[in-house]
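User: I would like a close look at one loop residue and what lies around it. Please then go on from there to the rest of the chain.

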Amino acid sequence: MELSIPQEVIERLRAASRVTVLTGAGISAESGIPTFREAQIGLWSKYDPTELATPQAFARNPRLVWDWYAYRREMIQAAQPNPAHYALVDLEQHYEHFTLITQNVDGFHWRAGSREIIELHGNLNRVRCFDCGVPAPGWDEEGELPPICALCGGYLRPDVVWFGEGLPEQKLRQAYRAAEQSQVFLSIGTSAAVQPAASLPLISLRSGAFLVEINPEETSLAIIADYWLQGPAGKILPLLLQHIAGEEQASEEDT
Ligand code: BJW
Ligand code: ZN
């Protein structure tokens, strides 16, 4: 498939000073990490992730849920950020106000070099107590699993947001504000099916932003976005960046 970036997208991105990006599991797909709602492989074929990502599941079978996250943690540690993550690090340099919001818990944006990240669903490299909520500095994967909270004796759980749980309030507020204030909003690699994150592109659109979706598959955003760039983020984002940087060089040469 020949990928090309519409001129209006490049111009809008060049003219903007406030850009907000929302990423989902699709941005890590090219790092070899399975997404949630696509063709199920490996562990995903045995378990329904939405059945494991709940506090009820952890209360019912803490070891099963712990093992599922341990498996994913190992897979993520063995993998690397991909060109899409790196392109966002570079894109940030072009803007006075750039907000990167992610639903991902994999930490790839940190590893790629992004430093201002709103992690809406937490991070699976951190743990906290299921009972008292206090974060734990670390744990021994060789010891009792799930590990035990030193303060109250409850089980430690991954510091992620499960279905039915509230998102970190301050982060959510920051994300809403960035969506409302952005001139261009990029929704990348998300099915836009899980609330409240899925409302962010809609909020930005309602506030007058130019909305661009990057996804190989059609989602509910595709018809309301100003542009749906159909393709993998690892190809489209570097191309987008090339165009923005290229145009800037061209205009500097003109002056
Ligand atoms: C590529 C690509 C490539 C592939 N390049 N793209 C209103 C109605 C009904 C229910 C609710 C409602 N409001 C709230 C709810 C409840 C629920 C919800 O939204 N449910 C929906 C399923 C309907 N929300 C919640 O419970 C949230 N809490 C909350 O709202 O609290 C208040 C409340 C509670 C209860 C009731 C009402 C209010 C919390 C949500 C937490 C989500 N947690 C998870 C797990 C995190 C930990 C973990 O990783 O295990 O977060 S679920 C999972 O989904 C994970 C993801 O961050 C999230 C979003 O998924 P994402 O990233 O979009 O992935 P996919 O797989 O869906 O899509 C990938 C996309 O990539 C696809 O489109 C591909 O095409 C694309 N792609 N390759 C670019 N190379
Ligand atoms: Zn505790």
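Analyst: Ser28 sits in the loop between strand E1 (18-23) and helix H2 (43-46). This is a predicted model. Is Ser28 buried or exposed? Its relative accessible area is 1%, and the cut-off for buried is under 20%, so Ser28 counts as buried. Leaving aside residues up to four places away in sequence, Ser28 touches Ile33, Asn82, His85, Asn104, Asp106 and Phe108.

A second loop residue is Gln103, found between strand E2 (97-102) and helix H7 (108-112). Gln103 is buried as well, because its relative accessible area is 12%. With residues up to four places away in sequence again left out, the residues that Gln103 touches are Leu22, Thr23, Gly24, His121, Thr190, Val194 and Ala197.

Thr102 belongs to strand E2. At 2% relative accessibility, Thr102 is buried. Its contacts, not counting residues up to four places away in sequence, are Thr23, His109, Ile117, Ile118, Glu119, Leu120 and His121. Thr23 and His121 are thus among the residues touched by Thr102, and they are also among those touched by Gln103. For a sense of distance, take Thr102 and Gln56: they are 46 residues apart in sequence, and their C-alpha atoms are 24 Å apart in space.

Glu119, one of the residues that Thr102 touches, leads to the charged side chains. Side chains of opposite charge can pair when their charged atoms come close. Glu119, Arg126, Arg128 and Asp159 are linked in a network of salt bridges. Within this network, Arg126 forms a salt bridge with Asp159, and the closest N and O atoms are 3.0 Å apart. Arg126 lies in strand E4 (residues 122-129) and Asp159 in strand E6, so the salt bridge ties together parts that are 33 residues apart in sequence. Arg126 has a relative accessible area of 35% and is therefore partly exposed, whereas Asp159, at 17%, counts as buried.

Two further salt bridges can be described in the same way. The side chains of Arg157 and Glu165 meet at 2.7 Å, N to O. Arg157 has a relative accessible area of 2%, so Arg157 is buried. Glu165, at 23% relative accessibility, counts as partly exposed.

The other pair is Arg73 and Glu141, whose closest N and O atoms are 3.9 Å apart. This pair links distant parts of the chain: Arg73 is in helix H5 (residues 62-78), and Glu141 is in the loop between strand E5 (135-136) and strand E6 (156-160), 68 residues apart. Arg73 is buried, with a relative accessible area of 6%, while Glu141 is partly exposed at 30%. The count for the model comes to 7 salt bridges.

Next comes the metal site. Which protein atoms are the donors of the zinc ion (ligand 2)? They are the SG atoms of Cys129, Cys132, Cys149 and Cys152, which lie 2.2 to 2.4 Å from the zinc ion. Along the chain, these donors follow the spacing C-x2-C-x16-C-x2-C. The angles among the 4 donor atoms are 96 to 117°, and the site is tetrahedral. That result can be followed by a simple step: four donors count as tetrahedral if all angles lie between 85 and 135 degrees. Ideal angles for four tetrahedral donors are 109.5 degrees. Among the donor residues, Cys149 is buried, with a relative accessible area of 7%, while Cys152 counts as partly exposed at 41%.

Finally, the chain as a whole. The protein chain has 10 helices and 9 strands. Its radius of gyration is 19 Å, close to the 18 Å that the globule rule gives for 255 residues, so the chain is as compact as a globular protein of that length. Along its principal axes, the C-alpha trace spans about 65 × 35 × 30 Å. Buried residues make up 49% of the 255 residues, and Ser28 is one of the buried residues. The accessible surface of the chain comes to about 12,400 Å², of which 49% belongs to carbon and sulfur atoms. Among contacts between residues at least 6 apart in sequence, 68% join residues at least 24 apart.

Note on methods
Residues numbered from 1 in each chain as written. Chains lettered and ligands numbered in written order. Predicted model: local features only at pLDDT ≥ 70, side-chain atom pairs only at ≥ 80, totals over all residues. Heavy atoms only, no water. Donors = N, O, S within 2.8 Å, 3.2 Å for Na, K, Ca; no water. Tetrahedral: all angles 85-135°; square planar, octahedral: opposite > 155°, others 65-115°. Buried < 20%, exposed > 50% of the residue type's maximum accessible area, 1.4 Å probe, protein only. Helix = DSSP H or I, 4+ residues; strand = E, 2+ residues; numbered from the N terminus. Rg over C-alpha atoms; globule rule 2.2 N^0.38 Å. Contact = heavy atoms within 4.5 Å. Areas by Shrake-Rupley, 256 points an atom, 1.4 Å probe, with all protein chains shown as cover. Salt bridge = Lys/Arg side-chain N within 4 Å of Asp/Glu carboxyl O.
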